[in-house]
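I opened this entry to keep a record of what I looked up, one topic at a time.

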Amino acid sequence: MRVSTRGDYASRALLSLALDGVDTPVSVRDIAARTGLPQPYLEQILLALKGAGLVRSKRGVGGGYVLARSPEDITLGDIVSAVDGPITLGDFGEPHTDGACDHQGQCVLLAVWADVGEHMRRHLDGLHLADLARMANGEQPWPAPPHDDGLDAAIS
């Protein structure tokens, strides 16, 4: 699975709102300036996030966007799903449970892809916007980098 540009931008925009405080509306222009995101594309993304119930908008002077829920109640999985659809490794279908595969090796690979997709979903659903805000503020450690399993040295 690849997180799309849309998923990344949506996550960056909501993290910006979480860092600014959940009760103060922030204009699209300000979010774009703070995050370095293109404003026209950001407007589309924020509309999708609004439709998913992750942000609310306020019109007029002093208007903008605020989080619709607490940062503790919004996960990366919520954000990515809101703009990209369900989190899956691919659209491969479901494995047969009775062993009646149409093609050699198909069922075992379908089961593996489904398992990997579930791991990704659980990981993204375990990362809350509040955690990311604490990481960005230096109040919580960043995720650990992938460990070196020796494969890089073996390949070189």
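**Helix α6.** I began with α6 in this predicted model, and I noted that Leu129, Ala130, Asp131, Leu132, Ala133 and Met135 are its buried residues. Since six of the eight residues of α6 are buried, I wrote that this helix is largely enclosed by the rest of the structure. I then asked myself which elements the buried residues of α6 pack against. I found that they pack against α1, β2 and α4. Just beyond the helix I came to Gly138, which follows α6 and has a positive phi, near 75°.

**The nonpolar core.** I looked next at the largest nonpolar core, which has 34 residues, and I listed Leu14, Leu49, Ile79 and Leu129 as those that touch the most other members. The elements that give two or more residues to this core are α1 (5-20), α2, α3, β2 (64-67), α4 (76-84), α5 (106-125) and α6 (129-136). From α1 comes the largest share, seven residues. I reminded myself that in soluble globular proteins nonpolar side chains tend to be buried together. I followed Leu14 further and, leaving out residues up to four places away in sequence, I found that it touches Leu49, Leu54, Val55, Leu67, Ile79 and Leu129.

**Ser16.** Staying in helix α1, I looked up Ser16, which lies there. Was Ser16 buried or exposed? Its relative accessible area is 9%, and because the cut-off for buried is under 20%, I entered Ser16 as buried. Apart from residues up to four places away in sequence, Ser16 touches Arg34 and Thr35.

**Helices α2 and α3.** I turned to the pair formed by α2 (residues 28-35) and α3 (residues 39-51), having read that two packed helices are described by the angle between their axes and the distance between the axes. For this pair I wrote down an angle of about 115° and axes 10 Å apart, and I added that α2 passes α3 in a right-handed crossing. On the α2 side I found Val28, Arg29, Ile31 and Ala32, which meet Gln39, Leu42, Glu43 and Leu46 in α3. When I sorted the residues of this contact, they divided into five nonpolar, one polar and two charged.

I chose Ala32, found in helix α2, for a separate note. Ala32 counts as buried because its relative accessibility is 8%. Setting aside its neighbours within four places in sequence, I listed Leu37, Gln39 and Leu42 as the residues in contact with Ala32. Ala32 and Leu42 are 10 residues apart along the chain, and I recorded that their C-alpha atoms are separated by 7.1 Å.

**The strands.** I then checked how strand β1 (residues 55-58) and β2 are joined, and found that they run antiparallel and that four bridges link them. In this pairing I noted Arg56, which stands opposite Val66 in β2. The two strands form a hairpin with five residues between them, and in the turn I found Gly60 with a positive phi of about 90°.

**The whole chain.** Last, I stepped back to the protein chain, in which I found seven helices and two strands, and read along the sequence they follow the pattern α-α-α-β-β-α-α-α-α. Of its 156 residues, 31% count as buried. I also looked up the contacts between residues at least 6 apart in sequence, and I noted that 63% of these join residues at least 24 apart.

Notes: Residues are numbered from 1 along each chain as its sequence is written. This is a predicted model: local features need pLDDT of at least 70, side-chain atom pairs count only at pLDDT 80 or more; totals for chains, interfaces and linings use all residues. Side-chain values use heavy atoms; hydrogens and water are left out. Axes are lines fitted to C-alpha atoms, for helices over the stretch in contact, and angles run from 0 to 180 degrees between N-to-C directions. A crossing is left-handed if the near helix is turned anticlockwise from the far one by less than a right angle, and right-handed if clockwise. Contact means heavy atoms within 4.5 Å. Ala, Val, Leu, Ile, Met, Phe, Trp, Tyr, Cys and Pro count as nonpolar, Asp, Glu, Lys and Arg as charged, and the others, Gly among them, as polar. A nonpolar core is a set of buried Ala, Val, Leu, Ile, Met, Phe, Trp, Tyr and Cys residues joined through side-chain atoms within 4.5 Å. Buried means under 20% relative accessible area, exposed over 50%, partly exposed in between (1.4 Å probe, protein chains only). Two strands pair if DSSP finds at least two bridges between them.
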